[in-house]
There are 6 protein chains.
Amino acid sequence: MEIAVSRKAHFNAAHRLHIKEWTDEKNKSFFGNCNNINYHGHNYDLIVTVTGEIDPVSGFLVDMKWLGQLIQEQVENRFDHKNLNLDCEEFKTINPTAENIAVVIWKLLRSRLNNHLKLKVTLYETERNFVEYNGN
Amino acid sequence: MEIAVSRKAHFNAAHRLHIKEWTDEKNKSFFGNCNNINYHGHNYDLIVTVTGEIDPVSGFLVDMKWLGQLIQEQVENRFDHKNLNLDCEEFKTINPTAENIAVVIWKLLRSRLNNHLKLKVTLYETERNFVEYNGN
Amino acid sequence: MEIAVSRKAHFNAAHRLHIKEWTDEKNKSFFGNCNNINYHGHNYDLIVTVTGEIDPVSGFLVDMKWLGQLIQEQVENRFDHKNLNLDCEEFKTINPTAENIAVVIWKLLRSRLNNHLKLKVTLYETERNFVEYNGN
Amino acid sequence: MEIAVSRKAHFNAAHRLHIKEWTDEKNKSFFGNCNNINYHGHNYDLIVTVTGEIDPVSGFLVDMKWLGQLIQEQVENRFDHKNLNLDCEEFKTINPTAENIAVVIWKLLRSRLNNHLKLKVTLYETERNFVEYNGN
Amino acid sequence: MEIAVSRKAHFNAAHRLHIKEWTDEKNKSFFGNCNNINYHGHNYDLIVTVTGEIDPVSGFLVDMKWLGQLIQEQVENRFDHKNLNLDCEEFKTINPTAENIAVVIWKLLRSRLNNHLKLKVTLYETERNFVEYNGN
Amino acid sequence: MEIAVSRKAHFNAAHRLHIKEWTDEKNKSFFGNCNNINYHGHNYDLIVTVTGEIDPVSGFLVDMKWLGQLIQEQVENRFDHKNLNLDCEEFKTINPTAENIAVVIWKLLRSRLNNHLKLKVTLYETERNFVEYNGN
């Protein structure tokens, strides 16, 4: 009896899409205004989905309060009100696209979750653009 | 040509998380303020997803009006404006966590649906916490 | 240069609409299933709106973090995961309709706000029903 | 490292559910007020989901701007502010149910996408009714 | 002690913006694709706001169930799944712009409300476009 | 017969709250993590509300397409994917708080609107924090 439990969180951050190995022209042509040298920013909405067996006694898959705290420690404290390119070790060598941010968050949470739980991360960069990553 | 059709519904109910076999201390420590002896409540948002083949003549998978009425009869009439712990047979021996409520709703609907249709239930306890159950 | 600043918050509570001076029949007939003797519940969404002059130096009307903490102390800590009828002094003699809850919240916040600030409270009982109160 | 990238779009259209081979009575009985001879209409919300490998250099799965333009050309320009039954070739012989519209959109986009990308289409006919199609 | 109470409703309708006294060219130039001769459509979201004194005994301004039924009778039954131009007497001589639809709805409801209650109507034609009318 | 017409728009930008005349300690203490030297960012949602008389012939207050283009030219092109502090003349000497951004946007639009139209600007910095400014 497998169930999926999801919790929403969010963080507000600045970023810039830029590949150091590319010329400025190529960066500007490829990333458009997301390449702005002075950065822009987003309210990132995050949904963390954990899948596994319901505990037959408590009726919980995981304690939502615990899951909320894990997301706060591993994601919100790390990225909220930060410049992803300048302030965050995780993006020193990785371009902070929505795709890459989702993978980074997935890895940060995966390492803290019991192996028998599956994990999916959904990240909204804007209300109209979002990505999903489950490690497969 | 398999398609999934979803319909949203909702119900407002009181509940309390509590395991009779546990001491009051353990209940309070485990469930926190969800264990409040006088109950609290939620606006539960429900998404019922039915998957199967489109009828090549009508272009319907199922009639949405019929699906809406089924949810009203089996879920809304049963749980809306109720105390899940006190008013609802289904939770006399089952702790009304979001996980367990989703499973109960899935079973209530599953028994009324044609076997060749798949069923998934998504239940929002709050805007930030939700669960999904598909019977696998 | 007057501006309005709003902050959203929420709390989950059980309640029952019931007038002690009325007979059970009149209560049931007037309040319908909101009169259920065992209570039901809601996710209450709250918007607190404060109006006044922008501080010309800081560019703030009020510090949003301070406003958020005020709402948490005065409203969320008081009503979240509570039974409004049984657990809350404020509703011992007041029927916890959305209208009355909004007025109670307005009074709790009004007494903590500087006199030169105007206050409005918007309370969503469900996504479809909400009330607004500004003390006039 | 497979990831799913989604983009929202929308179009406003009129339509009527009607099967030419059926009698007027059967159409009215089966489709109810969706069979209104003078049409009714919807704000259709569309989510297009593309799945594949992240490009290790750019950190993109696909360029969201390109995906947005593809949806505009293939879907919005074709269906926005149109009468699906009268103005759109695609529904001359197909009943414009939400299910059929989703399949038509899927086919229009599928033919323009690289073969190694998977495609899913989610179509909201109203806030409460939506369908999902992925071609399987 | 004046309070405002709001209830949301919705209806799905087809319409066409067109002034009979204007040439086809002027209509097309002025209303753009909203002038499409075969109509297009929308999911109209409606918020009806009633303002007055809270009843000191019941704690209600108006019974929300009664308000919901009034909206259903006066608005939803009249306009839902209709072609506003062809099926609705109200728009035989009035162009069904969002502005005019809001005024029509306001008048329909105003005639059924007690004089000591104020009335405001908010009508969303799309998620991005909406109008408000209060009779002043 | 006065009506209000609103249109939503949005822009994504980086910013930093900082008063040059204050010490770094005072800035950090007053603005908290909004003072991060490397900036952070938001998806700003904007609602522009114009109030006036409905044109009795066209049934429009203003042409929504025109209003949308005005917002794009005056606001979105100016602030979208920008660093408000570094890239935008408007905030060279003004701290880009939500309050100040709303006033700046109001002034930019006010100068382009006919005098007999009233103007209100609502700016969401996050889903939970928003401000309203109407020039009074």
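Colleague: How do you know that chain D and chain F do not touch?

Modeller: Contact means heavy atoms within 4.5 Å, and the nearest C-alpha atoms of chain D and chain F are 14 Å apart, with no touching between the two chains. This is a predicted model, where local features need pLDDT of at least 70 and side-chain atom pairs count only at pLDDT 80 or more, while totals for chains, interfaces and linings use all residues. Residues are numbered from 1 along each chain as its sequence is written, chains are lettered from A in the order in which they are written, and side-chain values use heavy atoms, leaving out hydrogens and water.

Colleague: What makes chain F and chain A an interface?

Modeller: Here 20 residues of chain F are in contact with 20 residues of chain A. Together they bury about 1600 Å², 46% of it on carbon and sulfur atoms; buried area is the accessible area (1.4 Å probe) that two parts lose on being put together, summed over both. Asn38(F), Asn43(F) and His81(F) supply 35% of the area that chain F buries against chain A, more than any other three residues.

Colleague: Good to know! Why is the count of salt bridges across chain F and chain A given as 0?

Modeller: A salt bridge needs a side-chain nitrogen of Lys or Arg within 4 Å of a carboxyl oxygen of Asp or Glu, and the rule finds 0 of them across this interface.

Colleague: And how confident is the predictor in chain A?

Modeller: On pLDDT, the predictor's confidence in each residue from 0 to 100, chain A averages 97, and 100% of the residues score at least 70.
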